[in-house]
Amino acid sequence: STAQDLAGRRVLVTAGGTREPLDPVRYLGNRSSGRQGVALAEAAAARGARVTLVAGAVEVPLPESVTVVRVESALQMRDAVLAAAPEHDVVVMAAAVADFRPAAVADHKIKKTEGSDEAPVVRLVRNPDILVEVVENRGAGRAPAGQVVVGFAAETGDADSSVLDHARAKLARKGCDLLVVNDVSAGKVFGRDDTEVVLLRADRADRADSVGVAVPAGSKTKVAEAIWDEVVALIHELST
Ligand code: C5P
């Protein structure tokens, strides 16, 4: 039987992509399938946690063993996450939150003008960074003692810096405790069931030799188990 090492822990997981409305029938979306977040929620429930899953657009069935909050846009996801986070011991942000949204949402369907080739220009504005806000709220005391916050990063390497360099910088910028790093250079993560990640801990990332914990390629369920193993270790270290 599965170890109940998350028994009594309240866990919040975000999953899926956000949809940023343009008008009543259109949105800007992304290719997230929600598989990793759903696998994380299921695995946490199996290990005894009380799980809240904030789900955007997902292509997989939602587990029945968890409390589900459905959202569409990044702003809705933000409201749901910031409202729930203070009641959760662990927050794992696996969702692909859109960085930008249309500046205005039209009340009516945007129509083409007959007899004209004109097309509208969509102006975008930045969305708030929900992960950063969760960490800020924790810093302001709006979180249970010892709350653990986990972020995700899909990174590519370039001539100047490696995937790991980008990830270390992101970990520092976001202020979370653990970053789950996906190397998406090969473009092989979205929508697939197998994945390969590196787990970077904030309390170790500043060490020169720190390369994180490499999780071997496997199903998103296997990867979810490895993430929870690391979170359980973190919970125990933070409470001693
Ligand atoms: O900055 P980037 O999008 O790479 O960061 C990814 C991490 O930040 C993920 O954990 C994602 O859920 C979270 N995020 C967020 N709000 C945003 C953008 C990303 O919470 N607006």
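Which residue's side chain meets that of aspartate 89 in a salt bridge? In this predicted model, the partner is arginine 10, and the bridge spans 3.0 Å from N to O. Aspartate 89 lies in the loop between α2 (74-84) and β6 (90-93), whereas arginine 10 belongs to strand β1 (residues 10-15), so the pair ties together parts of the chain that are 79 residues apart in sequence. With a relative accessibility of 17%, aspartate 89 counts as buried, because the cut-off for that class is under 20%. Arginine 10, by contrast, has a relative accessible area of 25% and is partly exposed.

As for the confidence of the prediction, the chain has a mean pLDDT of 94, and 96% of its residues reach 70 or more. The scores of the model are ipTM 0.98 and pTM 0.95.

The salt bridge described above can be placed in a wider setting, since a search of the whole structure finds 14 salt bridges. Side chains of opposite charge can pair when their charged atoms come close. In one such pair, lysine 170 forms a salt bridge with glutamate 155, and the closest N and O atoms are 2.8 Å apart. Lysine 170 is in helix α4 and glutamate 155 in strand β9, so that this pair, 15 residues apart, links distant parts of the chain. Both lysine 170 and glutamate 155 are buried.

Another salt bridge is found where the side chains of arginine 201 and glutamate 230 meet, at 3.3 Å from N to O. Arginine 201 lies in strand β11 and glutamate 230 in helix α5 (residues 220-238), so a strand and a helix are tied together by residues that are 29 positions apart in sequence. Arginine 201 and glutamate 230 are both buried. Salt bridges also occur as a network, in which Asp5, Arg47, Glu225 and Asp229 are linked.

Strand β11, which carries arginine 201, also takes part in strand pairing. Strand β10 (residues 178-183) runs antiparallel to strand β11 (residues 194-201), and five bridges join the two. Within this pairing, valine 181 has valine 198 of β11 as its bridge partner. Strand β11 pairs in the antiparallel sense with strand β12 (residues 213-219) as well, again over five bridges. Here threonine 195 stands opposite glycine 218, a residue of β12. Strand β11 is thus joined by bridges both to β10 and to β12.

A further antiparallel pairing involves strand β2 (residues 20-23) and strand β3 (residues 26-28), which are joined by three bridges. The two strands form a hairpin, with two residues between them. Aspartate 23 has arginine 26, in β3, as its bridge partner.

Attention can now turn to the open spaces of the model, of which the largest pocket holds about 1100 Å³. This pocket is lined by 41 residues, and those closest to its centre are Ala95, Ala96, Val97, Phe152 and Ala154. Several elements contribute to the lining, since α1 (35-46), α3 (130-139), β9 (148-155), α4 (163-174) and β10 each supply at least two residues. The largest share, four residues, comes from β9, the strand that also holds glutamate 155, the salt-bridge partner of lysine 170. In chemical character, the residues of the lining divide into 17 nonpolar, 14 polar and 10 charged.

Two further pairs of residues show how separation along the chain can be set beside separation in space. Threonine 2 is placed in the segment before β1 and is partly exposed, with a relative accessible area of 41%. Although threonine 2 and alanine 46 are 44 residues apart in sequence, the distance between their C-alpha atoms is 6.8 Å. The other pair includes arginine 35, which is found in helix α1 and is partly exposed, its relative accessible area being 24%. Arginine 35 and glycine 212 are 177 residues apart along the chain, and their C-alpha atoms are separated by 23 Å.

Technical notes. Residues numbered from 1 in each chain as written. Predicted model: local features only at pLDDT ≥ 70, side-chain atom pairs only at ≥ 80, totals over all residues. Heavy atoms only, no water. Pairing = 2+ DSSP bridges. 1 Å grid on protein atoms, 1.4 Å probe; cavity = no way out; pocket = protein on both sides within 12 Å on 5 of 7 lines; lining within 4 Å. Points joined across faces, edges and corners; volume = space filled by probe spheres on them. Nonpolar A, V, L, I, M, F, W, Y, C, P; charged D, E, K, R; others polar. pLDDT = per-residue confidence, 0-100. Salt bridge = Lys/Arg side-chain N within 4 Å of Asp/Glu carboxyl O. Buried < 20%, exposed > 50% of the residue type's maximum accessible area, 1.4 Å probe, protein only.
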